[in-house]
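Here are a few exercises to work through with the model open in your viewer. Try each one before you read the solution.

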Amino acid sequence: MKIPPMKPHFLKPIQPGFKHGLKIPIGFLKYLKGHEHIKRAVLRRAGKKWLVKLNGQRFEEGWEKFAKEHDLQLGDMLVFRHEGNMEFEITIFDSSHCDREYAEYLQEEKEAHTVEETCKKFEFKDKPNSNIMSTRKAFPKEESATYNSFGQSHFKCPVRSYFLSKGYLRLPKKFATANGLINKKSVIIRDGRQRSWNLRLATHNSIVHVGGVGEFCIANDLKEGDYMSFEVVANGEKPIWKFHVIDLTLKTLDVTTRISQIPASTSADANPHFISTIKPYTPTKAILYLPMDFVKLNGLMNRSEMILVDEKQRLWLAQLGRMQRHFGITSGWRQFEKANGVQVGDTYKFELINNGTIPIVHFHCKYTGKGCQVSQKPLTRE
């Protein structure tokens, strides 16, 4: 089988002044012979195209828009692969030399791929063993869940589609490491109806998976998008966890002011908020960056969770965290975005309506009102 030749490409680091234009390396011009008459180049990424004017060997008009929409930063590295006729496929690497399109996205999406590899290697053939327990004596003596140095005595996650179709759950690495789960063979999970589930564990490349999760979710009436948590009760050769369904309702969150009671229009501007548009990286990475001024002003930097409320007053649990130079929603955005039909270019209003233990944000999709980009009045933490 003849291997096709690699398409010509060049690498370009992002350096000071990059917003004003980018120069094609002189050594690459030999691959562009016969294209001198073309005055505009096409830049492609993630299935979208940007038209950029050429001035000699420089990308100029249109380049600044491309750089802004992809949030290019000093130290990023770009690979331009020439597809012919002055069309370039762009790959962006961050300063750590990781493909930026996947660096943070892999945390979520790699789960499904790793699961299939683990399936081949470990073959979870045993179905989960579920038994109705009439008393708590069926379990070893409980120990109080204590926080270790990582503070990882529990973890929360939404039910993802592959939990149900593939039947596996990938554990957060810190949680697995902190609780000594690497190379353990099984775990006992107790649900709210005093049933015990003996689920298999498998470790591959220091990543721990739980098998039998599909049947477990079905037995507990869980569907994709529901939220659940697992709390460590005892850590031994066979760990014991307590399972909880996270009920995302305004009542359980102890919110004193209901969404429907918040004044509409300009009266709502009393709440801290910012207005922005959905950037191309948002659906690609399944994350949402928050303005750092807004984050610091409202004390969000040390928070790990947030509740998003959509226009239908549905509640969505999102995880917060740092992403190199940024801070924002690191998990939970994909489900919210899909359910609300959020698209690139949409204008939205991000309104902080409750700054309690878990901040609550009213996310106005397809916002058409007018207002400042970032309000300057912080909402005091309750």
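**Exercise 1.** Find out which residue of β22 stands opposite I307, then place the two strands in their sheet.

*Solution.* This is a predicted model, so start by locating the residue pair: I307 faces I360 in β22. Next, look at the strands themselves. β18 covers residues 305–309 and β22 covers residues 360–364, and the two pair in the parallel sense over three bridges. Now zoom out to the sheet: it is open, has seven strands and runs β16-β21-β22-β18-β19-β20-β17, with mixed pairing. Finally, check the ends of that order. β16 (273–277) and β17 (288–289) each have a single partner strand, so one side of each is left without a neighbour in the sheet.

**Exercise 2.** Work out how many aromatic pairs the model has, then describe the one formed by F274 and Y348.

*Solution.* With ring centres within 6.5 Å as the cut-off, the count comes to 32 aromatic pairs. For F274 and Y348, the centres are 5.9 Å apart and the planes make an angle of 80°. Edge-to-face needs an angle over 60 degrees, and the F274–Y348 pair is indeed edge-to-face. Then map the rings onto the strands: F274 sits in β16 and Y348 in β21 (residues 347–354), so the pair ties together parts that are 74 residues apart in sequence. Are these two residues buried or exposed? Both F274 and Y348 are buried. To finish, pick out a cluster linked by ring pairs: F10, F28, Y31, W50, F59, W63, F66, F80 and F88.

**Exercise 3.** Characterise the second largest pocket: its volume, its lining and the elements that supply it.

*Solution.* Begin with the volume, which is about 590 Å³. The lining has 23 residues, and the closest to the centre are K68, D71, Q73, K279 and H326. Elements giving two or more residues to this lining are α1 (63–69), β16, α7 (281–285) and β17. Of these, α1 provides the largest share, with four residues. Sort the lining by class and you get eleven nonpolar, six polar and six charged residues.

**Exercise 4.** Which residues line the second largest cavity, and how do they divide by class?

*Solution.* A search of the whole structure turns up two cavities of 30 Å³ or more. The second largest cavity has a volume of about 40 Å³. Its lining consists of L169, I189, L199, V210, V213, F216, F230 and W241. The class tally for this cavity is eight nonpolar, no polar and no charged residues.

Technical notes
Residues are numbered from 1 along each chain as its sequence is written. This is a predicted model: local features need pLDDT of at least 70, side-chain atom pairs count only at pLDDT 80 or more; totals for chains, interfaces and linings use all residues. Side-chain values use heavy atoms; hydrogens and water are left out. Two strands pair if DSSP finds at least two bridges between them. On a 1 Å grid over the protein atoms alone, a cavity is a set of points where a 1.4 Å probe fits but cannot get out, and a pocket is an open set with protein on both sides within 12 Å along at least five of seven lines; lining residues have an atom within 4 Å of a point. Grid points are joined across faces, edges and corners, and a volume is the space filled by probe spheres set on the points. Ala, Val, Leu, Ile, Met, Phe, Trp, Tyr, Cys and Pro count as nonpolar, Asp, Glu, Lys and Arg as charged, and the others, Gly among them, as polar. Rings of Phe, Tyr and Trp (its six-membered ring) pair if their centres lie within 6.5 Å; planes under 30 degrees apart count as stacked, over 60 as edge-to-face and the rest as tilted. Buried means under 20% relative accessible area, exposed over 50%, partly exposed in between (1.4 Å probe, protein chains only).
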